[in-house]
Amino acid sequence: MSIIGRRGIHFLHKLNAENVPVALIEKGQSRVIDASLTLIRERAKLKGELVRALGGAVASTSLLGVPLGHNSSFLQGPAFAPPRIREAIWCGSTNSTTEEGKELTDPRVLTDVGDVPVQEIRDCGVDDDRLMNVISESVKLVMEQDPLRPLVLGGDHSISYPVVRAVAEKLGGPVDILHLDAHPDIYHAFEDNKYSHASSFARIMEGGYARRLLQVGIRSINNEGRVQGKRFGVEQYEMRTFSRDRHFLENLKLGEGVKGVYISIDVDCLDPAFAPGVSHIEPGGLSFRDVLNILHNLQGDVVAADVVEFNPQRDTVDGMTAMVAAKLVRELTAKISK
């Protein structure tokens with residue numbers, strides 16, 4: 001747990017110990033949550049109005065940061081990732097055009113509505129049940145501003161649950177999910193935490209928010225991961241068979257008969273030679289071009305996505321992994337915007 005998070009919880013315990021009325025605390029928490037949602041709402045409204053005024057966009061990517069790290073089982077550095085990713089997206093060392101020719105400086109292609117103020121909310125003693133609801137509501141506020149579609153910057157992988165939940169609820173049905181990761185993140189409740197970053201896809205599947213879940217890049221999986229995968233009908237593609245599976249994975253067609261495709265990319269799906277700045281270093285992963293081939297060739301309407309688990313505290317001094325995460329965001333943007 002982060003220092004800020006501990007401080008917030010200790011603050012709340014101190015108030016309780018001094019018999020401060022619970023209603024007073026909850027009222028204050030609600031004001032902070034309302035203020036946080038108002039900022040996201042107004043920024044999304046402004047960006048949506050701009051895109052609609054320019055015209056010509058059927059779908060437009062909008063970044064939403066969720067700097068949450070306390071549900072990580074090892075290191076909590078992903079909480080610091082969103083600003084580092086944004087900085088790398090606009091780094092002067094490269095141009096602003098994606099590989100498929102989309103121009104990121106065009107607001108019809110990419111806008112940004114800012115961050116959910118996770119630590120400020122937790123500092124008020126707000127628990128994870130309410131925090132997850134705030135994240136879901138923030139995603140829905142972006143989606144209300146047609147043609148904006150959310151691309152969420154984590155944060156640890158626990159954020160995928162409230163984001164996917166919001167997308168499915170807003171669209172009125174399940175989606176197909178393409179999940180790239182070294183781990184299946186499908187424990188029932190890792191370390192007794194139902195919101196653990198290692199349990200996000202168990203919550204998603206329990207909620208019925210996905211019809212198909214394809215997990216690619218898996219190379220750290222135990223018996224529970226396989227049992228849970230079978231329980232939920234997950235299609236797990238492990239790295240030990242990637243050479244055999246490559247043709248299928250580079251020619252995916254998803255989303256037909258459901259509300260679209262959701263893509264979740266844990267940066268540790270990549271071999272650490274390409275992305276050392278992650279909390280859980282797991283050798284034997286995908287190359288960066290492997291990932292791009294899968295994304296570029298995917299056929300389907302991508303309605304939302306996330307990039308998670310980049311840990312700036314473990315990155316190289318020249319920000320190599322930040323640039324990798326930014327490139328993933330750029331190419332996902334090209335996949336979403338049209």
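**Exercise 1. Work out how strand 1 sits in its sheet in this predicted model, starting from its pairing with strand 3 (residues 148-154), which is parallel and runs over seven bridges.**

Step 1: pin the register. On the strand 3 side, Leu63 has Leu151 as its bridge partner.

Step 2: look at the other neighbour. Strand 1 also pairs with strand 2 (residues 110-115), again in the parallel sense, this time over four bridges. Here Thr61 is matched with Leu110.

Step 3: follow the connection. Strand 1, helix 3 (residues 81-89) and strand 2 together form a right-handed β-α-β unit.

Step 4: check the faces. Side chains in a regular strand alternate between the two faces of the sheet. In strand 1, one side carries Ser60, Ser62, Leu64 and Val66, the other Thr61, Leu63 and Gly65, and every one of these is buried.

Step 5: conclude. With seven of the seven residues in strand 1 (residues 60-66) buried, the strand is largely enclosed by the rest of the structure.

**Exercise 2. Which strands pair with strand 4, and what lies on its two faces?**

Step 1: take strand 5 (residues 210-218). It runs parallel to strand 4, and five bridges join the two. Ile177 is opposite Leu213.

Step 2: take strand 7 (residues 261-266). This pairing with strand 4 is parallel too, over five bridges, and puts Asp176 opposite Val261.

Step 3: trace the crossover. Going from strand 4 through helix 7 (residues 200-206) to strand 5 gives a right-handed β-α-β unit.

Step 4: sort the side chains. Val175, Ile177 and His179 point one way, Asp176, Leu178 and Leu180 the other, and all are buried. That matches the tally for strand 4 (residues 175-180): six of its six residues are buried.

**Exercise 3. Where do the residues of the UniProt "binding site" feature lie relative to one another?**

Step 1: list them. The unreviewed UniProt entry puts this feature at His157, Asp181, His183, Asp185, Asp266 and Asp268.

Step 2: compare sequence with space. The set spans 112 residues in sequence, but no two of the C-alpha atoms are more than 12.2 Å apart, so the residues gather at one spot.

Step 3: bring in the pocket. His157, His183, Asp185, Asp266 and Asp268 are included in the lining of the largest pocket.

Step 4: zoom in on His183. This residue is in the loop between strand 4 and helix 7. Its relative accessibility is 15%, which makes it buried, since the cut-off is under 20%. Leaving aside residues up to four places away in sequence, His183 touches Ile218, Ser220, Asp268, His280 and Glu282.

Step 5: do likewise for Asp268. You'll find Asp268 in the loop between strand 7 and helix 10 (288-297), and at 3% relative accessibility it counts as buried. With the same neighbours in sequence left out (up to four places away), its contacts are Asp181, Ala182, His183, Arg219, Val278 and His280.

Step 6: join the two. The side chains of Asp268 and His183 make a polar contact at 3.3 Å.

**Exercise 4. How many residues of helix 10 are buried, and what do they pack against?**

Step 1: count. Seven of the 10 residues are buried, so helix 10 is largely enclosed by the rest of the structure.

Step 2: name them. They are Phe288, Asp290, Val291, Leu292, Ile294, Leu295 and His296.

Step 3: find the partners. These buried residues pack against strand 4, strand 5, helix 9 (242-249), strand 7 and helix 11 (320-336).

**Exercise 5. Are Val308 and Gln228 buried or exposed, and what do they touch?**

Step 1: place Val308. It belongs to strand 8 (residues 302-308) and is buried, at 0% relative accessible area.

Step 2: list its contacts. Residues up to four places away in sequence aside, Val308 touches Gly154, Gly155, Asp156, His157, Ile159, Ile265, Asp266 and Val267. Two of these names, His157 and Asp266, turned up in the UniProt feature of Exercise 3.

Step 3: place Gln228. This one is in helix 8 (residues 223-232) and is buried as well, with a relative accessible area of 7%.

Step 4: list its contacts. Beyond four places in sequence, Gln228 touches Ile186, Tyr187, His188 and Ala202. Its side chain also makes a polar contact with the side chain of Arg231, at 3.2 Å.

Terms used: Residues numbered from 1 in each chain as written. Predicted model: local features only at pLDDT ≥ 70, side-chain atom pairs only at ≥ 80, totals over all residues. Heavy atoms only, no water. Buried < 20%, exposed > 50% of the residue type's maximum accessible area, 1.4 Å probe, protein only. Pairing = 2+ DSSP bridges. Right-handed = clockwise from strand over helix to strand, strands pointing away. UniProt positions renumbered as here; feature names shortened; annotations may be inferred. 1 Å grid on protein atoms, 1.4 Å probe; cavity = no way out; pocket = protein on both sides within 12 Å on 5 of 7 lines; lining within 4 Å. Contact = heavy atoms within 4.5 Å. Polar contact = N/O pair within 3.5 Å; in protein donor to acceptor, adjacent residues only side chain to side chain.
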